[in-house]
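This report goes through selected features of the structure shown below. It starts with a question on a salt bridge and then turns to chain organisation, a cavity, the surface and the backbone.

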Amino acid sequence: MGVTILTPYPLQNKSGAEAIEELSKRLLALGATQAGQFLVDGDIFEHSFKKIKIHVMHNSEYPASVFSILDNGQKQIPLITDLIFDLLMLKVNPIYSSKKMIKIESKGPRFELGDFLVKLGSVTMSQNQNFKGILIEVDYRPCLVPAFCWDLIKEFLQGLLGQQAPTAIPGYFTNTLPSNNPNQHYHRFNDTYQPIDTVQQYLEHFNNYRKQSQAPTI
Amino acid sequence: MAQSVSVSVEAPIENQILSIDYDGTEVYQTPLTQSEYLTRNAARINFTKAAETTEGDKKADEEVSTVPQSSLAPFENILIKLRDAYTEVSVLHDVLAISKEKHYLVLDPVPQEPAETKQMALVYARKKALGTAASVLIAGAERLKRCDNGPDFQIELLRLRQNWRLKKVSDSIIGDLSFRTAGSKFFVPGNFEVVKNDDTTPSKSSGTPSPLQVIIPAELQGIAYIKVVTQKDQEDLCSASVNLLNENAEYPKAKETYWQKKLEFAQNVLFCKELFNQLAREAVQLQAAIPHVVIGNQIRATLLPGIQLIISLCHTTSYQVSENEVKKKHDGHDHVLEHSLHQLLREVHHKNIHHPLPHSGHAYGIAKKRLLAGPMAFDRHELWEMTKSQTLLEQIIAQAQHIFMRKRTQYVLDTLARDVKDPQIVSHWNALNSPTMSWVKIKINTQGYDTICRTSLVIHVKERSLKAICRDGRVMHLSYEPQELRDLILTQICHHQIAGLQSLAKCMAWQLLSNSTHLGIGAVEPLGNAHSCVIASPNADRTIAVQVRCDPQIVVKVYISHSPKDFYPSGLVQGKFWENLGGNFREVRFDKMEGKNFLNKMEFLMAACTKKNH
């Protein structure tokens with residue numbers, strides 16, 4: 001558990017593999033150790049006649065869970081379940097059908113550096129592995145509240161990415177959430193971080209990649 | 001009595017004797033009634049003869065009309081006889097027809113004439129028959145009487161059912177001894193059979209036996225216990241034996257004992273077997289640095305170098321031997337270890353049976369934590385932690401190691417406290433501890449000076465290591481070797497002595513010149529270094545140097561130097577301060593000095609040196 005910040009890494013006339021290689025070298029130079037691979041994938045199930053989507057996502061960091069987010073256009077309802085949820089989705093196939101073409105995944109090496117966990121994911125879409133971009137996930141494990149460690153993560157990202165590092169808090173955290181008290185603004189930024197937050201960040205970025213009409217230059 | 005019809009004989013006035021009682025009284029037959037008499041007499045009449053001789057009155061009315069009076073044909077006689085026969089047959093037919101109607105004629109059975117019997121034989125036969133019947137009745141009455149006194153089979157069965165699980169299988173009653181309802185998964189069935197004890201003759205030794213008998217399978221008979229011994233080169237260090245019963249339970253000698261005891265013993269055998277089976281399985285599966293050995297009924301595991309844990313299953317059916325062993329095993333018995341062993345198996349059973357609700361079909365037998373892992377989104381690290389679980393044997397080994405470590409630590413501290421008299425070593429053991437962790441607080445102080453200086457440290461005794469926390473916050477990890485702890489305590493004593501001396505010097509206005517906890521000079525110590533301290537008197541004319549060595553024993557050496565007594569300023573050396581020039585150090589014969597202990601002696605010494613100065 002910790003706070004995870006996901007940020008896209010702009011490719012500057014480099015191929016994805018080259019960028020990953022370069023970042024890995026940088027991390028290793030900082031003293032990180034590679035600790036296996038990771039994989040985050042997202043699938044969309046669409047209702048056959050209503051405008052309802054179910055995003056079913058898996059994260060190798062949480063190997064016993066399936067994350068699903070029900071999206072009916074206005075509201076997103078997250079649900080965390082056991083692995084057998086996948087089988088359940090197969091059962092309801094006539095109503096909710098999967099779109100293989102927009103299945104998207106991010107995978108790559110996973111590095112450990114002190115309290116930080118860094119994952120360099122190259123995003124590919126559909127079955128023919130269309131390369132879409134690079135997503136860097138930084139997890140600061142000792143902390144639970146994003147507000148407390150955002151500065152630390154920002155600094156770490158600046159050290160790692162230099163100019164390309166994000167300067168603003170990711171939009172996901174600053175969006176105002178519905179609250180019981182209308183006078184009080186409620187942000188995820190000051191709330192305890194949940195594993196579903198990581199998945200929702202991924203979903204946001206995946207959706208952005210899906211919207212892009214064409215793949216960036218490879 | 002058979003007589004021809006024509007002779008009529010009077011019936012005797014005396015009645016017939018029916019039977020004779022044992023006392024000789026005769027029982028008479030009641031006289032016949034009129035109707036009975038008539039029937040008997042009628043039975044004696046031969047109607048055929050009567051018909052032949054005298055034309056029967058009744059038949060005559062029917063015959064007269066049909067018979068021709070005279071005929072002289074040659075076959076006349078034959079014709080008549082045939083006609084007579086025909087007539088008789090038809091009459092008989094008619095009589096049968098009439099009697100069938102039951103309106104006019106009733107047929108009564110003709111009582112047969114009783115056969116001629118010998119009276120005495122009859123009497124004897126009856127006597128014998130009655131005697132047999134009486135004996136049967138008496139035996140039955142006896143049994144009923146006994147049942148009223150002793151326990152009834154049904155009541156016993158009811159009592160048995162209150163404590164044990166029974167079920168009826170066809171004609172027999174089968175009971176279950178196993179721990180299956182408590183979550184056991186052991187394969188040995190553990191069934192016993194309940195039968196009624198027919199042989200209820202009271203035996204000499206133990207009153208009336210129970211009418212209920214239990215039959216226990218051969219593999220569960222006898223007495224069993226699990227013996228756990230920690231051994232160091234053939235020498236037993238501590239032992240525990242585990243069974244379900246209390247130690248003083250004596251095995252029932254013969255079959256007449258009460259079923260309750262018998263069942264308890266059988267269940268104990270089952271318990272021991274299951275426990276051992278589980279342990280042996282784990283011993284084979286575990287991959288220890290020094291592999292565990294399972295031979296027959298014995299498991300050997302190495303706790304610490306040279307120290308072995310031996311778990312053996314003792315199961316015997318010969319009672320004499322077992323009694324001896326029971327006596328033997330009481331030496332050095334560790335109740336705490338025994339309790340822990342019990343606790344461990346119960347925990348396994350508990351885990352087998354207690355699953356969180358709801359029980360979904362496929363998730364049965366999965367820990368609650370694992371069930372929650374998916375919906376709670378446990379990460380890799382948490383899931384990995386979850387897979388780690390200690391097996392029973394591992395826990396037993398850990399506990400045995402801890403017990404051994406604790407004993408060793410106790411021994412080291414006690415011997416040190418005994419050997420080192422000067423600073424007193426007091427160890428406070430925590431009374432409440434876990435099976436694998438305990439701690440001891442050690443206080444070192446000098447008698448009479450405990451307000452000046454106290455040294456305390458805490459030692460955590462773990463499974464294979466010790467953790468010492470000093471008062472200044474230093475944490476030291478020690479291995480299982482007792483020498484390390486000994487060295488640590490000795491060093492602490494040296495520290496204590498020097499620190500005490502410093503405080504004392506301050507109180508007496510002496511100056512501390514130097515202090516070293518690791519004196520690099522002098523004879524090389526095999527372990528650690530000597531501590532030293534140099535103090536000077538208030539006007540600096542005397543210097544005392546103290547060296548405390550801790551190897552192998554606490555040795556204190558005190559040296560003293562003083563300035564030359566007579567200082568005469570000369571032309572070359574004029575200043576008065578040259579008087580304070582130190583002279584040679586000479587050793588003080590410290591053991592000869594007055595004083596109870598080191599600090600006391602030092603106080604005297606300092607006082608003496610200060611005094612002289614004035």
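Does Lys145(B) count as buried or exposed? Lys145(B) counts as exposed, because its relative accessibility is 54% and the cut-off for that class is over 50%. The model is predicted.

## A salt bridge within one helix

The side chain of Lys145(B) forms a salt bridge with that of Glu142(B), with an N to O distance of 3.8 Å. Both residues belong to helix H5 of chain B, where they sit 3 residues apart, about one turn of the helix. Glu142(B) has 39% relative accessibility and therefore counts as partly exposed.

## The salt-bridge network of chain A

Salt bridges with shared partners connect Glu61(A), Arg110(A), Glu112(A), Lys119(A), Glu137(A) and Arg141(A) in one network. Over all chains, the count of salt bridges is 12.

One of the pairs is Glu137(A) with Lys119(A), whose side chains meet at 3.2 Å, N to O. This pair links distant parts of the chain: Glu137(A) is in strand S9 (residues 130-140) of chain A and Lys119(A) is in strand S8 (residues 116-125) of chain A, with their positions 18 residues apart in sequence. Glu137(A) and Lys119(A) are both buried.

Arg110(A) and Glu112(A) also meet through their side chains in a salt bridge, at 3.8 Å from N to O. How do the two partners rank by accessibility? Arg110(A) has a relative accessible area of 5% and is therefore buried. Glu112(A) has a relative accessible area of 26%, so this residue is partly exposed.

## Organisation of chain A

Chain A contains 5 helices and 9 strands. Read from the N terminus, the order of its elements is β-α-β-β-β-β-α-β-β-β-β-α-α-α. Of the 218 residues in chain A, 49% are buried.

## The second largest cavity

How many cavities of 30 Å³ or more are there? The count is 6. Rolling a probe the size of a water molecule over the atoms shows where empty space is left. The second largest cavity holds about 40 Å³ of space.

The lining of the second largest cavity consists of Met405(B), Arg408(B), Thr409(B), Val412(B), Leu466(B), Tyr480(B), Glu481(B), Pro482(B) and Leu485(B). Sorted by class, this lining has 6 nonpolar, 1 polar and 2 charged residues. Helix H12 (392-419) and helix H13 (482-507) of chain B each contribute at least two lining residues. The largest share, 4 residues, is supplied by H12(B).

Helix H12 of chain B also holds Ile403(B). With 5% relative accessibility, Ile403(B) counts as buried. Ile403(B) and Lys462(B) are separated by 59 residues in sequence, while their C-alpha atoms are 9.2 Å apart in space.

## A nonpolar surface patch on chain B

Which residues form a nonpolar patch on the surface? The patch is made up of Leu92(B), Val95(B), Leu96(B), Ile98(B), Tyr104(B), Leu105(B) and Leu107(B), and together they have about 700 Å² of accessible area.

Within this patch, Leu105(B) is placed in the loop between helix H4 (76-101) and helix H5 (119-149) of chain B. Its relative accessibility is 30%, so Leu105(B) counts as partly exposed. Helix H5 of chain B is also the helix in which Lys145(B) and Glu142(B) lie.

## Positive phi angles in chain B

Most residues other than glycine have a negative phi. Ala377(B) has a positive phi, near 55°, and is not a glycine. Ala377(B) is located in the loop between helix H10 (368-373) and helix H11 (380-387) of chain B. Is Ala377(B) buried or exposed? Its relative accessibility is 1%, so Ala377(B) counts as buried.

Ala509(B), which is likewise not a glycine, has a positive phi of about 65°. Ala509(B) is placed in the loop between H13 and strand S17 (511-519) of chain B. With a relative accessible area of 47%, Ala509(B) is partly exposed, because the partly exposed class runs from 20% to 50%.

Definitions and conventions
Residues numbered from 1 in each chain as written. Chains lettered and ligands numbered in written order. Predicted model: local features only at pLDDT ≥ 70, side-chain atom pairs only at ≥ 80, totals over all residues. Heavy atoms only, no water. Patch = residues over 30% accessible without salt bridge, like charges linked within 9 Å, V, L, I, M, F, W, Y side chains within 5 Å. Areas by Shrake-Rupley, 256 points an atom, 1.4 Å probe, with all protein chains shown as cover. Salt bridge = Lys/Arg side-chain N within 4 Å of Asp/Glu carboxyl O. Buried < 20%, exposed > 50% of the residue type's maximum accessible area, 1.4 Å probe, protein only. 1 Å grid on protein atoms, 1.4 Å probe; cavity = no way out; pocket = protein on both sides within 12 Å on 5 of 7 lines; lining within 4 Å. Points joined across faces, edges and corners; volume = space filled by probe spheres on them. Nonpolar A, V, L, I, M, F, W, Y, C, P; charged D, E, K, R; others polar.
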